[in-house]
Structures are given as C-alpha cells and as structure tokens.
Amino acid sequence: MDIEKIREDFPVTREWAYFNTGYYGPLPRPVVQAMSDFLVECMCTGQGNWENLFDFEEKKERTRVKLANILGASPDEIALTRSTTEGYNLALQNIDWKKGDEIIINSVEYPPNRYIYNLLVEKFGVQLVTVEADEEGIVNPADVEQAITEHTKLISMCHVAYHPGTILPAEEIGKIASENNILYALDGAQGPGYIPVNVKKLGCDFYAVAGHKALCGPVGTGCLYFKREHGEKMQPLIVGEPFLFGAEPTETISEERRWLAPYKFEATSLNYLGFIGLGAAIDYMNRIGIENIRRRNMMLTSFAIDELTKIPNLKIVGTKDVNKRVGLLSIDLTGYPAIKLMPFAAIRKVIFRPVKDSISRISIHYFNTEEEILRVKFVIEQAIKLSKIREIL
Ligand SMILES: Cc1ncc(COP(=O)(O)O)c(C=O)c1O
C-alpha cells in the first residue's frame with residue numbers, strides 16, 4: 001500500500017490528523033472529482049436534460065451493483081438510503097409485529113437506535129430484552145441464545161459496536177437466529193470499509209450501511225440489504241413514484257413496476273450527486289483492497305493501543321485484541337472530561353470525538369500514520385499536564 005500516494009488522495013491529511021471517520025469519513029480526490037463532474041454537467045447542460053438523467057440513472061444503478069458486490073448480495077436486494085438510520089427504520093418498521101413480540105438487543109447498542117426501538121414499543125407493544133456484553137465489549141452468542149423465548153421475533157445488533165469498536169460475533173449469532181427461526185437485523189454503520197462483509201455468511205435478514213463513514217463516501221448516502229424474500233411484502237417509508245428506473249420519459253410506470261423492490265423504496269427524486277460519489281468511493285476502496293485496509297488498520301490500532309496505554313490512568317474501552325476490533329478506539333481518561341481535550345486537539349490540528357464523560361473516540365483508518373497517533377498521545381499528555389498545573393496553582 002503506497003501510503004504517500006493515498007495521503008495525497010486525501011487532502012485532509014495535509015493539515016489535519018483526522019481521527020473522526022467513525023462519524024464522517026473524509027473524501028478522497030476521485031470522489032470529489034466524480035461529484036464535481038456531475039455538478040458541472042448539471043450546470044452546463046441542465047439537470048433535467050434527458051441525456052443527463054439517463055446517465056445519472058445508470059451511474060446510480062452502478063453504485064447499487066457496487067454496494068451489492070461489497071456486501072456479497074445481489075443488486076435487487078439493495079435499497080439506496082440516505083443513512084444507516086433510514087435503512088434500519090425501513091427494515092425494523094417492516095416487520096409484522098404483534099403485541100408481546102420480543103426483540104433481543106444488547107448493552108453495546110448504538111444509543112440513538114433506541115428511537116427506533118421505542119417507536120416499536122409504543123406503536124406495537126413489543127418488548128425489549130437486553131443482553132449484557134462482557135467487559136471486552138463483546139456479546140456472547142450463548143447469552144443471546146439463552147435470552148430467546150417463544151416470543152422472540154428479532155435479534156437486532158450492531159455488526160461493529162460504535163463505542164468499544166468490537167466486531168460482534170455476528171455469524172455465530174446469525175446461526176442461532178436461523179436455527180430458532182428468528183429474524184436477524186444488523187446495523188452495519190461501522191462495518192463496510194473497515195472489514196470485509198458478506199451478508200449471506202452472516203445470515204442476516206437486514207443489514208444497514210452508511211456511505212459516509214469508513215467507505216469515505218459523501219454524507220447522506222447509504223443502503224439497506226434485505227433478503228430477497230422480504231422485498232415483496234415490505235412497504236416503503238415514503239410512498240411515491242420511483243423516478244425513471246429505465247422508463248422512457250413519456251412512459252407511465254405501471255402499478256406492478258411501481259411496487260417492485262428495491263425501486264419502490266426510492267420514491268421520486270434521488271440524491272444522484274451522493275450516489276455517484278459513493279460509487280467512486282467504493283471504486284477507490286476496491287483499488288486498495290479491503291483486506292489491505294483491514295491489515296493496515298490492525299497494525300495502526302495495535303500501535304495506538306501500545307502508545308496510548310503508556311499514559312497513566314488511560315484505559316482502552318473494549319478489547320485490546322485487534323483481531324476482535326476495528327480502529328474505533330475509545331479511551332477513558334478516568335475523571336478527565338473528554339470535551340476538555342478538544343481545544344488542545346484543535347490547536348495541534350487533530351480531530352477526534354468526545355463520546356461521553358471522560359471517554360473520547362479516536363477512529364483510526366488506513367490513511368492515518370503512526371506519527372499522527374503520536375500526535376494524539378502528545379495532545380492528551382499536554383492536556384493532562386496542564387490540568388495538573390492548574391490544580392496546583
Ligand atoms: C453503530 C452506528 N449505527 C448507526 C449510526 C448512525 O449512522 P447514520 O448517520 O448513517 O444514520 C452510527 C453513527 O455513528 C453508528 O455508529
């Protein structure tokens with residue numbers, strides 16, 4: 001992997017040590033180029049020009065195929081969305097809920113997913129059953145199995161936990177779901193782009209993806225994988241006529257075609273700009289290779305764990321075993337408020353994210369370097385040193 005060349009492709013690295021990919025990944029040049037070409041075309045020849053529209057449609061469809069390829073799915077099982085959250089809503093709101101049905105979730109859930117669960121609780125009277133993750137941030141499949149009752153309708157969890165960064169044993173849990181005839185949904189916001197994903201091997205019914213995180217695509221893009229057998233019954237969150245999908249400008253889309261998955265989930269005007277950018281982002285990632293990305297991220301994460309744990313009282317949240325985690329590295333500074341690190345980080349041109357209280361998340365991705373990780377360490381050490389001086393004064 002030619003890191004110098006990659007860093008040239010990521011202009012953010014010129015000035016910033018960027019450790020916030022878990023929130024929004026930075027865009028590499030080819031993504032911006034593809035989006036810029038689209039905008040220039042819209043400006044010069046008109047975004048409602050039929051020739052353009054057919055071209056945009058085709059590019060958007062190619063992005064669907066690329067998403068399907070990186071997930072090990074088929075394009076007709078991919079609904080384009082604007083975020084993981086939209087995809088997860090589409091999946092979970094489409095389950096045929098009955099009062100008293102149970103959903104097994106866990107203690108390393110992405111907290112805002114509670115809005116979706118709460119909606120299901122209020123609307124359908126479903127019950128939530130929470131399985132505790134162990135101290136490494138890993139959910140034990142045996143605990144999930146034990147939580148199953150005759151009322152369990154769904155097992156729902158993050159493929160990669162947003163905060164401890166652990167890769168949950170999704171394939172094993174998928175087997176348990178399938179053996180017990182239970183639906184299985186995965187929030188994959190922090191999966192694709194960091195680790196290879198194959199939805200068929202995971203055995204899930206639904207897998208929601210973000211384009212704007214580790215895939216380094218534009219904000220406001222994502223997709224939902226749904227098992228083909230669910231497509232026909234599922235209802236869109238927004239109802240309307242799907243735009244074009246290969247129809248001639250004068251053609252009225254038949255009712256039958258209008259209700260075809262996945263197009264029925266994508267009513268009316270779509271974010272072509274975003275999906276063209278996302279297609280370029282996937283091409284970029286594929287040129288480097290997800291296995292190479294994973295290997296480099298493991299090396300950098302291991303380096304970061306070794307260096308950061310030299311800081312007294314700093315604890316790594318979740319496992320230190322890089323085989324079981326991605327580079328979403330949360331650090332707990334026991335008592336030192338995470339928010340207070342931010343000004344120190346900004347001065348040193350470092351970006352990471354306060355998560356809560358004394359916990360900050362440093363999202364490591366392949367374009368980062370050891371030198372940048374040492375810069376994070378320096379920022380933390382300086383902030384702590386200054387707070388100690390202030391205590392004395
Ligand atoms: C695990 C997880 N799920 C969902 C989300 C929300 O993602 P989106 O903005 O794509 O809806 C995040 C964002 O950080 C996340 O980490």
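This briefing walks through two strand sheets, a pair of helices and the surroundings of a ligand. Keep in mind that the model is predicted. One sheet is open and has seven strands, while another open sheet has four. Helices α5 and α6 have axes that come within 10 Å of one another, and eleven positions, from Ser83 to Gly222, can be looked up below for the ligand.

**The seven-strand sheet**

- Reading across this open sheet, you meet the strands in the order β2-β8-β7-β6-β5-β3-β4, and their pairing is mixed.
- At the edges you will find β2 (78–81) and β4 (127–131), each of which pairs on one side only.
- From one strand to the next, the twist averages 20 degrees.
- Try following β7 (residues 206–210) and β8 (residues 222–226): these strands run antiparallel and are joined by five bridges.
- For a specific pair to find in the structure, take Val209, whose bridge partner in β8 is Cys223.

**The four-strand sheet**

- This open sheet has the order β9-β10-β13-β12, and here the pairing is antiparallel.
- The edges belong to β9 (315–316) and β12 (353–356); each has a single partner strand, so one side of each is left without a neighbour in the sheet.
- β9 is joined to β10 (residues 328–332) by two bridges, and these two strands run antiparallel.
- Here, too, there is a pair to look for: Ile316 has Ile331 in β10 as its bridge partner.

**Helices α5 and α6**

- Helix α5 covers residues 84–92 and helix α6 covers residues 113–124; their axes cross at roughly 20 degrees.
- Because of that angle, α5 is roughly parallel to α6.
- The crossing of α5 past α6 is right-handed.
- On the α5 side, the residues that meet α6 are Tyr88, Asn89 and Leu92, and on the α6 side they are Asn113, Ile116 and Leu120.
- Sorted by character, the residues of this contact are four nonpolar and two polar, with no charged ones.

**Around the ligand**

- Which residues are around the ligand? They are Ser83, Thr84, Thr85, Tyr110, Cys158, Tyr162, Asp187, Ala189, Gln190, Ala210 and Gly222.
- The shell around the ligand divides into five nonpolar residues, five polar and one charged.
- Some of these numbers may look familiar: Ala210 is one of the residues around the ligand, and strand β7 spans residues 206–210.
- Likewise, Gly222 is around the ligand, and strand β8 spans residues 222–226.
- Thr84 and Thr85 are also among the residues around the ligand, and helix α5 spans residues 84–92.

Definitions and conventions. Residues numbered from 1 in each chain as written. Predicted model: local features only at pLDDT ≥ 70, side-chain atom pairs only at ≥ 80, totals over all residues. Axes fitted to C-alpha atoms, helices over the stretch in contact; angles between N-to-C directions. Parallel < 35°, antiparallel > 145°, perpendicular 65-115°, else oblique. Left-handed = near helix turned anticlockwise from the far one by under 90°. Contact = placed C-beta atoms within 7 Å. Nonpolar A, V, L, I, M, F, W, Y, C, P; charged D, E, K, R; others polar. Near = placed C-beta within 6 Å. Pairing = 2+ DSSP bridges.
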